[in-house]
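These are my notebook entries on a structure that I went through by domains, sheets, pockets and backbone geometry. I set them down in the order in which I looked things up.

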Amino acid sequence: MRKHLLGLEGMSRDEINQILDTADIMRTHIDNNEFDNEYAKGSSVVNLFFENSTRTRTSFENASKFVGANVVNISVATSSVTKGESMYDTAMTLQCIKNDIIVMRHSIAGAANYLSKVVDAHIINAGDGQHEHPTQGLLDMLTMRREFGRLDGLTVAIIGDIKYSRVARSNIIGLTTMGATVKLFGIKTLMPQGIEQMGATVCDSIEDAIEGADVVMGLRIQLERMQSGQFPSVREYHREYGITADRLKLAKPNAIVMHPAPVNRGVEIAGDVVDGEKSRIFEQVTNGVAVRMAIIKLMSEAK
Ligand code: CP
């Protein structure tokens with residue numbers, strides 16, 4: 001395991017498999033209600049989230065506890081960041097309080113990379129702007145691998161807001177590294193130019209993307225990041241581009257549905273699909289704890 005987890009870009013198959021193999025063991029602990037492990041005893045993790053989160057922050061918190069690490073959460077809204085303290089000074093302070101793993105989410109792409117260069121602590125990128133969300137990519141791959149027993153040869157359709165999605169980037173990078181085929185569909189204003197250079201295929205319609213897929217992954221329409229004029233009405237979007245039970249008939253018979261969440265039900269995906277038998281959306285959340293346990297364990301061993 002590298003000192004920092006900043007993104008999946010540049011990671012090899014062996015490095016990704018090491019994390020997924022460890023996460024499989026961690027998932028067994030979760031399933032057996034074994035929450036008092038000591039893999040990371042003596043480590044101290046701090047969650048430093050400059051953007052909102054439900055899943056990532058709380059799963060890092062539980063994951064830290066489940067592997068025996070100490071964990072603290074910084075609420076940026078009530079911290080000295082509001083008095084103008086810089087990211088560097090905040091991180092140095094957290095390090096001097098004896099936190100050796102800093103989990104950071106920030107709206108600026110490259111923020112975690114910057115921090116990794118200026119402090120000694122291990123840095124885990126919990127999402128940086130539109131760049132990467134590596135633990136989400138890893139938990140998504142864990143979910144697929146547990147379902148199909150492999151990643152190599154799978155066809156994964158990623159549908160929705162590709163342009164603003166750090167989840168899409170981490171999944172494209174991770175899945176293509178592991179030998180999967182990635183198909184993308186999004187309305188033109190939500191599709192970044194040149195994305196094919198990352199090894200994915202851009203489809204002309206949602207039906208083309210879903211046809212023959214093993215995994216259909218919806219992405220949230222990030223209304224908060226959009227400028228006006230890029231997006232039709234919500235109802236129109238769902239009718240034309242939403243993941244629905246009818247459209248899913250085009251996928252392979254044993255296909256699964258995934259979504260990083262939070263979900264906009266009735267926008268990028270129908271509510272009955274979220275709750276349907278093909279959905280692994282809540283399974284992804286549990287696998288997120290397992291992946292984060294694995295990363296904290298491996299980082300602690302690498303200290
Ligand atoms: N998938 C994800 O990152 O969710 P949160 O924003 O709730 O952490």
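Before counting what each helix gives to a pocket, I note that helices here are DSSP runs of H or I with at least four residues, numbered from the N terminus. I also note that the model is a predicted one.

**Entry 1: largest pocket**

I looked up the largest pocket and found a volume of about 510 Å³. Its lining comprises 26 residues, and those nearest the centre are Arg105, Arg166, Arg220, Ala261 and Pro262. I then asked which elements give two or more residues to this lining. They are helix H2 (55–66), helix H5 (134–148), helix H6 (166–177) and helix H11 (281–301). H11 gives the most, with four residues. Sorting the lining of the largest pocket by class, I recorded eight nonpolar, ten polar and eight charged residues.

**Entry 2: domains**

I next looked up the division of the chain. Domain 1 covers 13–132 + 285–301, and domain 2 covers 134–280. I noted a distance of 26 Å between the C-alpha centres of the two domains. Across the boundary, 30 residues of domain 1 are in contact with 27 residues of domain 2. Why does the largest pocket lie between the domains? Both domain 1 and domain 2 give residues to its lining, so the pocket is placed between them.

**Entry 3: four-stranded sheet**

I traced an open sheet of four strands, paired in parallel, in the order S2-S1-S3-S4. Strand S2 (70–75) and strand S4 (122–128) are at the edges; each has a single partner strand, so one side of each has no neighbour in the sheet. On average, and with direction ignored, neighbouring strands of this sheet are turned by 15 degrees against each other. I checked one pairing in detail: strand S1 (residues 44–49) runs parallel to S2, with six bridges between them. Within it, I found Ser44 opposite Asn70 of S2.

**Entry 4: five-stranded sheet**

I traced another open sheet, this one of five strands in the order S7-S6-S5-S8-S9, again with parallel pairing. Strand S7 (201–202) and strand S9 (256–258) form its edges; each has a single partner strand, so each is left with one side lacking a neighbour in the sheet. Strand S5 (residues 155–159) and strand S8 (residues 215–218) run parallel and are joined by four bridges. Val156 has Val215 in S8 as its bridge partner. I also looked up H5, which lies across S5, S8 and S9 and runs at about 170 degrees to S9.

**Entry 5: second largest pocket**

I recorded about 230 Å³ of space in the second largest pocket. Among the residues that line it are Phe185, Ile187, Lys188, Met191, Glu196, Cys203 and Asp204. By class, I found six nonpolar, two polar and three charged residues in this lining.

**Entry 6: backbone geometry**

Which peptide bond did I note as cis? The bond from Ala261 to Pro262 is cis, with omega near 5 degrees. Pro262 is situated in the loop between S9 and helix H10 (271–274). Ala261 and Pro262 had already appeared in Entry 1, among the residues nearest the centre of the largest pocket. I last looked up Lys98, which is not a glycine but has a positive phi of about 80 degrees. Lys98 belongs to the loop between helix H3 (87–96) and strand S3 (101–106).

Notes: Residues numbered from 1 in each chain as written. Predicted model: local features only at pLDDT ≥ 70, side-chain atom pairs only at ≥ 80, totals over all residues. Heavy atoms only, no water. 1 Å grid on protein atoms, 1.4 Å probe; cavity = no way out; pocket = protein on both sides within 12 Å on 5 of 7 lines; lining within 4 Å. Points joined across faces, edges and corners; volume = space filled by probe spheres on them. Nonpolar A, V, L, I, M, F, W, Y, C, P; charged D, E, K, R; others polar. Domains from an automatic or database assignment. Pairing = 2+ DSSP bridges. Axes fitted to C-alpha atoms, helices over the stretch in contact; angles between N-to-C directions. Contact = heavy atoms within 4.5 Å.
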